[in-house]
Amino acid sequence: MNLLMQDGPFLVVCVGHGSIIAHLRNRDKERARLLRGQSVQQVGPQGLLYVQQRELAAASPQDGSISILGSDDATTCHIVVLRHTGNGATCLTHCDGSDTKAEVPLIMSSIKSFSDHAPCGRLEVHLVGGFSDDRQLSQKLTHQLLSEFDRQEDDIHLVTLCVTELNDREENEKHFPIIYGIAVNIKTAEIYRASFPDRGPEEELRAARALTGGPMISIYDAKTEQLRIGPYSWMPFPHVDFWLQQDDKQILENLSTSPLAEPPHFVEHIRSTLMFLKKHPSPTNALFPGNKALLYKKNEDGLWEKIPSPGS
């Protein structure tokens, strides 16, 4: 058993057959309660690396460009933070259950890629997101993530578990997540509730890749401190004109895993992504000149600035 809590192994096998809460100790429930009770901090773009759905990013405290990793808009999705306490290397990812078995090893390797992987210290994981949704998609993803982390060769200490029923509130007999987004300060290791007005760069392009079924990818090169976007490929989105003609209710009911729990901007976000996919049915030279990645680096003000690709 390689997924550990404060006092020993976490009984992953139990999660699929009943309440997660029943298998947590009081101190673990208290950690989740404290996180839920925080006020939401609005995080500005300076020093921020925003992670979209099906993206991961890893950085260390020595990074001269990034100080905060963050993601939000998680309803049935889970946000995962894995950190090594020895060298401080930290990975944040936004998982939707599309291929958890392949994604957890990617998360692990992103931390192991730091050459100063310290012999002292330990791996700590924090899982946040989901709620008691009718389709039990959150519960399924919670179980998948716990099981896959447990299968890894390394010992991984489960420090924060604020998922599914531990992140649920009920209002008028409807269920909603309490926490939709979190940030982690890679310098101090602080994890806190957060929202992000700025989700760039290339927000629509990155969202289009996820909506068309792209797999989990790493978006940040910690060695060069550059955000790397693409080049991507996707097939034309089926019936894009039809979906653009639908009202908000139809979009919510058909293009969301949790129609009643989505944040207010969800439909607007989907519409803008669909418009982008209509304009770019498949990625072309216009999106990725020379079929090369789009590169961004933080400027002196801590904001993303586009830089030339090598050889362009």
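# A guided tour of the model

Begin by selecting helix 7 (residues 248–255) together with helix 8 (residues 266–279), whose axes lie 10 Å apart and which pack at an angle of about 85 degrees. That angle makes helix 7 roughly perpendicular to helix 8. As you look, please keep in mind that this is a predicted model.

Now show the side chains where these two helices meet: from helix 7, choose Asp248, Ile251, Leu252 and Leu255, and from helix 8, choose Phe266, Val267, Ile270, Arg271 and Leu274, since these are the residues in contact. If you colour this contact by residue class, you will find seven nonpolar residues, two charged ones and no polar ones. In an α-helix there are 3.6 residues a turn, so residues three or four places apart point the same way.

Next, select helix 5 (residues 203–211), in which Leu205, Arg206, Ala207, Ala208, Arg209 and Ala210 are buried. What do the buried residues of helix 5 pack against? Their surroundings comprise helix 8, where you have just been, along with strand 4, strand 5 (55–59), strand 15 (217–218), strand 17 and strand 18 (294–298). Move on along the chain past the end of helix 5, and you come to Gly213, which has a positive phi, near 95 degrees.

Strand 17 (residues 226–229) is a convenient next stop, and within this strand you should pick out Gln226. Is Gln226 buried or exposed? With a relative accessibility of 16%, Gln226 counts as buried, the cut-off for that word being under 20%. Leaving aside residues up to four places away in sequence, Gln226 touches Ile219, Tyr220, Asp221, Leu295, Tyr296, Lys297 and Ile307.

From here, turn to an open sheet of five strands, which you can highlight in the order 3-14-13-6-4, and in which the pairing is mixed. Strand 3 (41–42) and strand 4 (48–50) stand at the edges, and because each has a single partner strand, one side of each is left without a neighbour in the sheet.

Walk across this sheet from strand 3, which pairs with strand 14 (residues 191–195) in the parallel sense over two bridges; here you can find Gln41 opposite Ala194 of strand 14. Further along, strand 13 (residues 182–185) and strand 6 run antiparallel and are joined by four bridges, and one pair to display is Leu69 with its bridge partner Val184 in strand 13. At the other edge, strand 6 pairs with strand 4 in the parallel sense over three bridges, and Gly70 in strand 6 is the bridge partner of Tyr50.

Stay for a moment on strand 6 (residues 68–71), and turn the view until you can compare its two sides: Ile68 and Gly70 point one way, Leu69 and Ser71 point the other way, and all of them are buried. In a regular strand the side chains alternate between the two faces of the sheet.

For the last stop, select the cysteines Cys77 and Cys95. How many disulfides does a search of the whole structure find? The search finds zero. Cys77 is in no disulfide, and the nearest cysteine sulfur to it, that of Cys95, is 8.3 Å away, whereas a disulfide would need the two sulfur atoms to be within 2.5 Å. Cys95 is likewise in no disulfide, its nearest cysteine sulfur being that of Cys77. Colouring by accessibility adds a further detail, in that Cys77 is buried with a relative accessible area of 7%, and Cys95 counts as buried at 1% relative accessibility.

Definitions and conventions. Residues numbered from 1 in each chain as written. Predicted model: local features only at pLDDT ≥ 70, side-chain atom pairs only at ≥ 80, totals over all residues. Heavy atoms only, no water. Axes fitted to C-alpha atoms, helices over the stretch in contact; angles between N-to-C directions. Parallel < 35°, antiparallel > 145°, perpendicular 65-115°, else oblique. Contact = heavy atoms within 4.5 Å. Nonpolar A, V, L, I, M, F, W, Y, C, P; charged D, E, K, R; others polar. Buried < 20%, exposed > 50% of the residue type's maximum accessible area, 1.4 Å probe, protein only. Pairing = 2+ DSSP bridges.
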